[in-house]
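Visitor: I'd like to know what sits behind the labels people put on a model like this. Could you walk me through it?

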Amino acid sequence: MDSFNDKPDYSFEPGPPPEASRYLRNKRIRPSFSWLDVEPQEHATSFAVAKAMHVDVLTAVQSALQQALDEGIPYEQFSRELKPRLRKLGWWGRKDLVDPFTGDVVKAQLGSPRRLKTIYRANIRTARAAGQWERIQRTKSALPYLVYLLGPSERHRPAHVAKENLVLPADDPFWSTWYPPNGWGCKCHVRQITRREAEDRGISESPDIPMRRVLNNRTGEIKEVPSGIDVGWEENPGQFRQKNVERLLAGRLNTVDPFIASAAAKDLASSWRLQRIQDGSAKGTIPIAILPDDLTQKLGAQTRVTLFSGDTAAKQTRNHPEIEAADYVRLADLIESGRVVTQGKNHLGFVGREKDLPWIAIVKTTQDQSEIYLQTLYRSSSQRYVDRFMKRGETIRE
């Protein structure tokens, strides 16, 4: 007989929204001295922390945030576990730093409890908002409206209070800028609703968005920002990433900034679209990784975009049925940091740096060198196999 103390084989805690987790995970490291050095569009695709100029510091913070998002870790635990890591890396307290933009030595605030709280709140809320935007776009045929709601703050910005209960279609241009969070510490949010609820609440007229001119003291640039939104928060991060995906699908990846291109390609590699191509329910190709210029030239390719096709999916299913759709995002990491070796004409092999059974991938160009495709991705069977693989061609990156 089953006991009431037995653990059920189900859970009411399925984990974080995968879209939010992917949004943060697919960002690339972007060292910066000041938050004014990074535009809102860059924040949608790059992970940056002001005064964090070293990759190891950024990597530590990003990995801690990723764990907090994925496991629902509260700020207190996040701060308690990350603080000693940052101290060990020398990123704590106030220190003299050289501003690379001006060349001046300044007394800079590095890690502190207050800064960690700001970093935690800003990144977690932005990732969740971006993930929600992706779900909104996927389900807007059934839930076509959004309502703007205030969060649980003790004090609210007057401009945000004025937007409370505003109801607009999910595609209204208003959400391109006024999609929360809309500033440091902002807890506003939106709720997706049916047409009937929107009509019961009263559908609003799309409001005018007054702008104000803001000077960037570091660059001298003057730009316009919506009144009521903090500088740096005037871009809907989920929408920006989605636009990049659309640009990729339209074949414009080769003209996009490499940081933006890589983040968008990772989004595609971990998307429902790839999963459908992988399981055979959809046809076509999808970009999943970007080759750096030196490797593109080595292949003699006319593009840096690496594609995943239905043919590759079919071969993978036959030869490596253990590989799941979620594994293909690994290709970008192999290209970025793995060992590289030629594998015959028009082929490049990538080997991970894990000590035990690293991942291996091979990409190839078409005969006319106009396209690059993933040929295979799998886990190596032994170190001997890895050694033979590396010896089959010219080592380009050890």
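Guide: Sure, and contact comes up first: it means heavy atoms within 4.5 Å. Leaving aside neighbours within four places in sequence, V363 is in contact with L299, T306, L331, N346, H347, L348, F350, I372, Y373, L374 and Q375. One caution: this is a predicted model, where local features need pLDDT of at least 70 and side-chain atom pairs count only at pLDDT 80 or more, while totals for chains, interfaces and linings use all residues. Residues are numbered from 1 along each chain as its sequence is written, and side-chain values use heavy atoms, with hydrogens and water left out.

Visitor: Why is A301 called buried?

Guide: Buried means under 20% relative accessible area, exposed over 50%, and partly exposed in between (1.4 Å probe, protein chains only). A301 has 16% relative accessibility, so it counts as buried. It lies in the loop between α11 and β11 (305–309); helices (H or I, at least four residues) and strands (E, at least two) are DSSP runs, numbered from the N terminus. Leaving aside neighbours within four places in sequence, A301 is in contact with T296, T365, Q369 and I372.

Visitor: What makes strand β5 largely enclosed by the rest of the structure?

Guide: 5 of the 5 residues of β5 (residues 145–149) are buried, so the label fits. Both faces are covered, with Y145, V147 and L149 buried on one side and L146 and Y148 on the other.

Visitor: How do you know that β5 and β6 pair?

Guide: Two strands pair if DSSP finds at least two bridges between them. β5 and β6 (residues 167–169) have 3 bridges, in the antiparallel sense, and V147 has V167 as its bridge partner in β6. β5 also pairs with β7 (residues 189–193), antiparallel, over 5 bridges; there, Y148 is partnered by V190.

Visitor: What makes a set of residues a nonpolar core?

Guide: The members are buried Ala, Val, Leu, Ile, Met, Phe, Trp, Tyr and Cys residues joined through side-chain atoms within 4.5 Å. In soluble globular proteins, nonpolar side chains tend to be buried together. The largest core here has 30 residues, and I288, F308, L331, F350, V363 and L374 touch the most other members. Helix α13 gives the most to this core, with 4 residues. Apart from it lies another core, of 29 residues, among them W91, A108, I124 and A127.
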